Amino acid sequence: MSRLITRRRFLIGSTLTASALGLSGCDALVQNDKVQTTLKLAEGLTKRAQRLLIGDNTLAREYTLADISPSFRANGTSMPDGAQYQQLLSTQFSQWQLEVGGLVERPTKFSLATLKAMPARSQITRHDCVEGWSAIGQWTGVPLAAVLDKVGLKPEARYIVFHCADEYEKTLDGSGWYYESIDLVDAFHPQTILAHSMNGRDLEVAHGAPLRLRVERQLGYKQAKYLMRIEAVADFSNLYGGNGGFWEDRGYEWYAGI
Ligand SMILES: Nc1nc2c(c(=O)[nH]1)N[C@H]1C(S)=C(S)[C@@H](COP(=O)(O)O)O[C@H]1N2
Ligand SMILES: [Mo]
């Protein structure tokens, strides 16, 4: 029985809980603790597959105001040099809009003022970069779940892609734009926010103004800065190198768990 559920839910590829999917009968067993334990022990499954089956809402550790690092390094792009970004920056992002589209019911553009007016979450977390440094900062922003609820995901949507304003690597074919993606478990996780503030102030350009992703259970390179567009997709096949992120296309792990 558990093996059947396992295979079925793996094939669905869904990252939502049974109740969120509106499943009934046999599938409802997935919510049963004992079955969950069995699923956790499911033989031969990779960590990623188990994660898809069970879902995982554990929170990343949160710190106190006293723990905030006196200085927080900027990494990767610290000033996007494109004309469009420079234009948006020159008017304090009053003309900037976050475009949310792809596999959604109601494609929508959100101004910064609109996002700032939405209920926000603050969290003090540790950022870990693969290059070997960490820093603790406070991030405030709109839960991604709230934005996704407004636009309504289509049933085929499996991943959320974040398109950034910086072309990290200049290439003739335009394959050097920074982008990232997460699955729906992380997209609806309570600590996944579109941050507009850091340590109580508007985001600085070096840290991703006007809006960046915080997905706290993953490494630094997943924390996409300079968000311009969010796209719901079924897979990554039509995106750049097809691996779901700028660094992923260059060999990094897609799931960069801490
Ligand atoms: N758009 C964009 N997002 C990005 C990067 C980047 O170069 N461009 N660098 C990533 C990396 S490797 C890290 S460690 C963090 C750094 O965030 P910070 O500059 O706020 O410290 O942003 C991530 N998000
Ligand atoms: Mo990083």
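**Backbone oddities and the ligand 1 site**

Asparagine 199 sits in the loop between strand 7 and strand 8. In this predicted model, its phi comes out near 50°, a positive value in a residue that isn't glycine. Most residues other than glycine have a negative phi. Asparagine 199 has a relative accessibility of 23%, so it counts as partly exposed, given that the partly exposed class runs between 20% and 50%.

Glutamine 92 shows a positive phi too, about 50°, and is likewise not a glycine. Its place is the loop between helix 5 (83–90) and strand 1 (97–102). With a relative accessibility of 61%, glutamine 92 lands in the exposed class, because that class takes in anything over 50%.

The backbone also has a cis peptide bond, joining alanine 209 to proline 210, with omega at about 0°. Most peptide bonds, by contrast, are trans. Proline 210 belongs to the loop between strand 8 (201–202) and strand 9 (212–214).

Another loop residue worth a look is threonine 192, found between helix 8 (184–187) and strand 7 (193–198). Threonine 192 has a relative accessible area of just 1%, so it is buried, the cut-off being under 20%. Its side chain makes a polar contact with the backbone oxygen of aspartate 186, at 2.6 Å.

Now for the ligand. Ligand 1 occupies the space of the second largest pocket. Two elements give two or more residues each to the shell around it: strand 3 (121–129) and strand 5 (159–167). Sorted by class, that shell holds 11 nonpolar, seven polar and four charged residues. There are 22 residues around ligand 1, and the ones that come nearest are Arg73, Asp166, His207, Arg212 and Lys225.

Several polar contacts involve oxygen atoms of ligand 1. From a side chain, a polar atom of arginine 212 lies 2.7 Å from a ligand oxygen; arginine 212 is also one of the nearest residues named above. From the backbone, a polar atom of asparagine 75 is 2.8 Å from an oxygen of ligand 1, and a backbone N or O atom of threonine 77 lies 2.9 Å from a ligand oxygen. How much of the ligand does the protein bury? On its own, ligand 1 exposes 540 Å², and the protein buries 98% of that area.

Terms used. Residues are numbered from 1 along each chain as its sequence is written. Chains are lettered from A and ligands numbered from 1 in the order in which they are written. This is a predicted model: local features need pLDDT of at least 70, side-chain atom pairs count only at pLDDT 80 or more; totals for chains, interfaces and linings use all residues. Side-chain values use heavy atoms; hydrogens and water are left out. A residue is near a molecule or strand if one of its heavy atoms lies within 4 Å of it. A polar contact is a pair of N or O atoms within 3.5 Å; within protein, one must be able to donate a hydrogen and the other to accept it, and residues adjacent in sequence count only if both atoms are side-chain atoms. Accessible areas come from the Shrake-Rupley method with a 1.4 Å probe; for residues, only the protein chains shown count as cover. On a 1 Å grid over the protein atoms alone, a cavity is a set of points where a 1.4 Å probe fits but cannot get out, and a pocket is an open set with protein on both sides within 12 Å along at least five of seven lines; lining residues have an atom within 4 Å of a point. A molecule sits in a cavity or pocket if more than half of its atoms lie within 2 Å of its grid points. Helices (H or I, at least four residues) and strands (E, at least two) are DSSP runs, numbered from the N terminus. Ala, Val, Leu, Ile, Met, Phe, Trp, Tyr, Cys and Pro count as nonpolar, Asp, Glu, Lys and Arg as charged, and the others, Gly among them, as polar. Buried means under 20% relative accessible area, exposed over 50%, partly exposed in between (1.4 Å probe, protein chains only).
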